[in-house]
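Here is a short tour of a ligand site and the pockets of a protein. Keep the structure open beside you as you read.

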Amino acid sequence: MSTTQEKQPHWSLKQSFAERVESSSHPLTSYLFRLMEVKQSNLCLSADVEHARDLLALADKVGPSIVVLKTHYDLITGWDYHPHTGTGAQLAALARKHGFLIFEDRKFVDIGSTVQKQYTAGTACIVEWAHITNADIHAGEAMVSAMAQAAQKWRERVPYEVKTSVSVGTPVADQFADEEAEDQVDELRKIVPRENGISSAKDTDGRKGSIVSITTVTQTYEPADSPRLAKTMSVGDEAVFPGIEEAPLDRGLLILAQMSSKGCLMDGKYTWECVKAARKNKDFVMGYVAQQNLNGITKEDLAPTYEDDESATEEEAQADNFIHMTPGCKLPPPGEEAPQGDGLGQQYNTPDNLVNIKGTDIAIVGRGIITAADPPAEAERYRRKAWKAYQDRRERLA
Ligand code: 6AU
């Protein structure tokens with residue numbers, strides 16, 4: 001007879017998504033749980049198509065069936081980087097129209113200082129249009145707190161940014177001649193708090209620039225290029241999904257804790273470090289990309305021989321309410337029991353196996369949908385299967 005007591009399923013596996021809203025520590029996770037209930041969907045489309053125009057067309061067609069659209073912006077030909085009219089802004093408009101979140105599958109991994117810049121600056125400016133991104137934390141937990149800090153700084157700049165430029169030389173008249181800009185500054189001055197860097201010199205003389213000797217300091221105020229505030233939208237794109245309010249501006253991270261690929265080197269010790277990093281950064285970490293549910297998990301479950309003196313307290317593990325998104329999901333072809341791999345290391349499981357048996361929340365499906373003859377119809381089929389798997393899990397564990 002076994003002396004070890006069998007571990008009870010974690011409470012988050014039994015609760016509905018609606019019930020998990022309240023105990024979620026991240027506003028975007030709470031929102032996502034609500035969205036899932038409204039759309040009766042726990043499906044994420046991995047939109048790995050070739051061209052930006054295909055991506056936008058697919059997002060528009062499949063949008064009604066999904067709650068998350070996952071991108072790899074760097075494999076898309078023709079990605080338009082323009083902050084206001086580019087592919088990110090257009091995707092954001094579609095996300096508002098259909099009610100889904102955008103997840104850029106960037107798998108950040110580097111020192112904190114580098115990931116901060118990769119996340120919030122550079123050509124793609126991911127933080128502007130992607131509600132969610134992910135990180136492979138082999139570089140250590142510090143990169144998670146660095147990304148959290150960068151996201152927080154970005155969040156504080158929204159909805160208005162102050163841009164300062166300094167030029168040396170004699171100012172020319174037209175630097176102050178743009179009345180429209182002047183009016184905009186006056187308007188924004190009423191909104192932007194003083195700490196945001198508006199110089200008192202400018203406030204008192206009422207101009208955009210203060211002239212000190214021959215140095216001109218110019219400050220302009222620009223609406224941030226956030227999905228919510230996307231400046232340029234084509235007709236029809238301003239529509240907002242009626243079932244729920246717009247997504248909050250908070251940004252969230254998924255930690256890549258386990259992978260679906262054959263021979264993956266992420267072992268139990270690594271996954272345990274992911275769990276610790278998630279628990280430590282609850283304000284920013286929404287959950288995991290993983291192959292199993294990790295809520296309530298302990299070192300003993302994942303890496304019993306790993307010598308780590310930081311073990312989770314029972315309380316800490318009990319409090320987990322992280323969301324789990326799982327790739328490597330496909331339905332088998334007619335007449336077959338299990339889906340085959342892709343011959344390049346990808347391994348597939350059915351939505352039932354992942355959501356019902358392994359206890360994950362959102363099924364991520366790429367080629368299963370995008371290579372189908374009718375992607376929107378196939379997305380609906382996956383939505384129904386994944387939702388049923390969630391309902392079956394609750395019934396099984398009730
Ligand atoms: O359904 P597929 O196989 O066409 O696409 C799966 C998608 C791809 C992968 O880059 C991604 O999911 N992925 C990830 C993610 C989301 O991080 C992790 C993993 O373990 N396996 C995996 O396939 O865009």
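The sections below go through the ligand, its polar contacts and the two pockets. Please bear in mind that this is a predicted model.

## Around the ligand

Let's begin with the ligand and its neighbours. The shell around the ligand is made up of 16 residues, and the closest of them are D48, K70, S260, Q346 and Y348. Sorted by class, this shell holds 5 nonpolar, 6 polar and 5 charged residues.

Where does the ligand sit? You will find the ligand in the second largest pocket.

## Polar contacts to the ligand

Three side chains are worth bringing up on your screen here: S46, D105 and R367. For S46, an N or O atom of the side chain is 3.1 Å from an oxygen atom of the ligand. D105 places a polar side-chain atom 3.2 Å from an oxygen atom of the ligand. In the case of R367, the distance between an N or O atom of the side chain and an oxygen atom of the ligand is 2.8 Å.

How much of the ligand does the protein cover? On its own the ligand has 510 Å² of accessible area, and the protein covers 92% of that.

## The pocket that holds the ligand

The second largest pocket, where the ligand sits, contains about 470 Å³ of space. Its lining counts 28 residues, and those closest to the centre of the pocket are S46, D48, K70, P327 and Q346. D48, K70 and Q346 are also among the residues closest to the ligand, while S46 is the residue with the 3.1 Å side-chain contact described above.

Which elements give two or more residues to this lining? They are the strands β3 (101-108) and β11 (362-365), together with the helix α15 (367-370). By class, the lining of the second largest pocket has 12 nonpolar, 11 polar and 5 charged residues.

## The largest pocket

Now for the other pocket. The largest pocket has a volume of about 600 Å³. It is lined by 24 residues, of which K7, Q8, P9, H10 and N295 are the closest to its centre.

Helices feature in this lining: α12 (299-302), α13 (314-318), α14 (351-357) and α16 (375-397) are the elements that give two or more residues to it. The residues lining the largest pocket divide into 6 nonpolar, 10 polar and 8 charged.

Terms used:
Residues numbered from 1 in each chain as written. Predicted model: local features only at pLDDT ≥ 70, side-chain atom pairs only at ≥ 80, totals over all residues. Heavy atoms only, no water. Near = heavy atom within 4 Å. Polar contact = N/O pair within 3.5 Å; in protein donor to acceptor, adjacent residues only side chain to side chain. Areas by Shrake-Rupley, 256 points an atom, 1.4 Å probe, with all protein chains shown as cover. 1 Å grid on protein atoms, 1.4 Å probe; cavity = no way out; pocket = protein on both sides within 12 Å on 5 of 7 lines; lining within 4 Å. Sits in = over half its atoms within 2 Å of the grid points. Nonpolar A, V, L, I, M, F, W, Y, C, P; charged D, E, K, R; others polar. Points joined across faces, edges and corners; volume = space filled by probe spheres on them. Helix = DSSP H or I, 4+ residues; strand = E, 2+ residues; numbered from the N terminus.
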